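Me: I'm new to this one, and I'd like to know what stands behind the words people use for it. Can I show it to you and ask as I go?

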Amino acid sequence: MKNHRLPLIATLLMLGAALPVQAFDLVGAWQAARDYNADFAAARAQRDAGQEKAVQGRSQLLPQASLSGNYNYNNPLQPKTTQDANGRPVSDMHYENHGYSVNMQQPLFDVGKYTGYKKGKIGTELADTTFDAAEQQLILDISQAYFDVLRAQDTLAATRASKKTYQNLLEQAKTAFEVGTATITDTHEAQAGYDGAVAQEISDANNLELAQNNLKRLTGLEPAGIQTVRDQLPLVPPKPAGLDAWVDMAQRNSLKIKGAEQNLQLAEQTITEKRGNHLPTVNLTAGYSDNISNQPGTLPSAQHTRGSQVGVTVTLPLFAGGGINSQVREAVALRDAARDQLESTRRQVKEDVRKAFLGVTNGAALVRAQQQLLVSAKSKVESTRLGKEVGIRTSIDLLQAEQAYYTALTTLANAKYSYLTARLALAQSAGQLQPDTLGEVNQLIVR
């Protein structure tokens, strides 16, 4: 039986290996990451937890009701005889009492609870802002990982082509040396170039594997199914076209700035909360109780008591050992820190916008320049190959021309992916990075 199962297992493994890898584009990678990425799942859970802040804050202003019950069994160790209301002797033996009470409290004036309500609302808004920022960061991270894989693929392909060129040159140099038309120096130069290309290929293959593993870690997708970007990109200028307009947009819409502003609001509410500890609190109280006792010697009217009460409780703090003043000073210092952090965030966002804006504008110009350089490098290879055929160019000249072509090819790929990443980074810094923005870049994917 065991021998019959082995061919079956081998067949299943072969079929599994032959299954096609699912192809995916940039939007597909992002959609997969939304369901797979653990960091984003944690951000979603944090957002859900933050939604309860407003509920918890509001609950402090609503009535608080409680129900309590009691039961007691009394068994004196040394019973004594007493007299009842009519003068008859009664033995003080065991007896029971039980009852229940309902109590309600409604805050009328409590600065701490009111600021807690406002802090709860701000906390929920901050949770939403933090989640939106995490979503935008996920889009940028997935895009960066996606383009890193493509960049590594292009680099490795260029290196392998370069190695092939060195290999051909090495074979030619060995043949020429054997027939006496070249020196051993040509062979050594070709061998050194080939060995360097082999080492570079190992390094580039390692970089590709690292980039693929990173993309798989973020999305759970097999990197072999990644789809490439078009060779010719529409180099669209930013809209609006001016840097100042983007800076103004970022100051209004940046999620980093919005989050820092909400942290400042929380710090200001904390100051009000701590200062409110100096003020009185006023609460409306109401209750109802019902108690039964069969204690010997008590009047029948005293064995079952019921009652209700309504009142107002005022509590005025007099002295807390200086703790309240210390808490106020601490809250003020934290408010100042939050204010400084907000200013620092505004400056950093401005710098991020400037960097991303230049990455788009200068990146587009660099892509155009590299495209022209690639055309020139290809023309030089063709002319040098022709010159070698007629005897006015050497194999070394052709090798150098081909290496310049492969270098231009790699540089163009880097410029292309950096430009696309800068477009997304600019939108993120201005708080405008949405799935639609990712879709615009995704239209440049070859399907």
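**Salt bridges and helix pairs**

Reply: Let's start with a pair: the side chains of E273 and K119 meet in a salt bridge, 3.1 Å from N to O. One thing to keep in mind is that this is a predicted model, where local features need pLDDT of at least 70, side-chain atom pairs count only at pLDDT 80 or more, and totals for chains, interfaces and linings use all residues. Residues are numbered from 1 along each chain as its sequence is written, and side-chain values use heavy atoms, with hydrogens and water left out.

Me: What makes the contact of E273 and K119 a salt bridge?

Reply: The term asks for a side-chain nitrogen of Lys or Arg within 4 Å of a carboxyl oxygen of Asp or Glu. E273 and K119 have 3.1 Å from N to O, so the pair fits that limit. The whole structure has 12 salt bridges.

Me: Where do E273 and K119 sit in the chain?

Reply: In distant parts of it: E273 is in helix 8 (residues 255-275) and K119 in helix 5 (residues 111-179), 154 residues apart. A helix here is a DSSP run of H or I with at least four residues, numbered from the N terminus.

Me: Why is K119 called partly exposed?

Reply: Buried means under 20% relative accessible area, exposed means over 50%, and partly exposed is what lies in between, with a 1.4 Å probe and protein chains only. K119 comes out at 24%, so partly exposed is the word for K119.

Me: And what about E201 and K163, buried or exposed?

Reply: Buried: E201 has a relative accessible area of 14%, and K163 has 18%. Their side chains meet in a salt bridge too, at 2.8 Å from N to O. E201 lies in helix 6 (residues 184-219) and K163 in helix 5, so this pair ties together parts 38 residues apart in sequence.

Me: Which residues are joined into one network by salt bridges that share partners?

Reply: First, one more pair: E261 and R346 form a salt bridge with their side chains, 3.3 Å from N to O. Since E261 lies in helix 8 and R346 in helix 10, the pair ties together parts that are 85 residues apart in sequence. As for the network, shared partners join R160, K163 and E201.

Me: How do you know that E261 and R346 are partly exposed?

Reply: By their relative accessibility: E261 is at 29%, and R346 is at 29%.

Me: Why are helix 5 and helix 8 called roughly antiparallel?

Reply: They pack at an angle of about 165°, with their axes 9 Å apart. Angles under 35 degrees count as roughly parallel, over 145 as roughly antiparallel, 65 to 115 as roughly perpendicular and the rest as oblique. So roughly antiparallel is the right label for helix 5 and helix 8. The axes themselves are lines fitted to C-alpha atoms, for helices over the stretch in contact, and angles run from 0 to 180 degrees between N-to-C directions.

Me: What kinds of residues make up the contact of helix 5 with helix 8?

Reply: There are 6 nonpolar, 12 polar and 6 charged ones. Nonpolar covers Ala, Val, Leu, Ile, Met, Phe, Trp, Tyr, Cys and Pro; charged covers Asp, Glu, Lys and Arg; the others, Gly among them, are polar.

Me: What makes helix 10 and helix 11 roughly antiparallel?

Reply: Helix 10 (residues 323-390) and helix 11 (residues 395-429) cross at roughly 160°, with axes that come within 7 Å. That angle is why the two helices count as roughly antiparallel to each other. Their contact has 24 nonpolar, 8 polar and 9 charged residues.

Me: Which residues does UniProt list for "coiled-coil region"?

Reply: The unreviewed entry gives residues 250-277 and 328-355. In the model, residues 250-277 are 89% helix and 0% strand, with end C-alpha atoms 39 Å apart. Residues 328-355 are 100% helix and 0% strand, and their end C-alpha atoms lie 40 Å apart.

Me: Why is A331 called buried?

Reply: A331, in helix 10, counts as buried because its relative accessibility is 4%. A331 and E273 are 58 residues apart in sequence and 9.2 Å apart in space, C-alpha to C-alpha.

Technical notes. UniProt positions are given in the numbering used here, feature names are shortened, and annotations may be inferred rather than shown by experiment.
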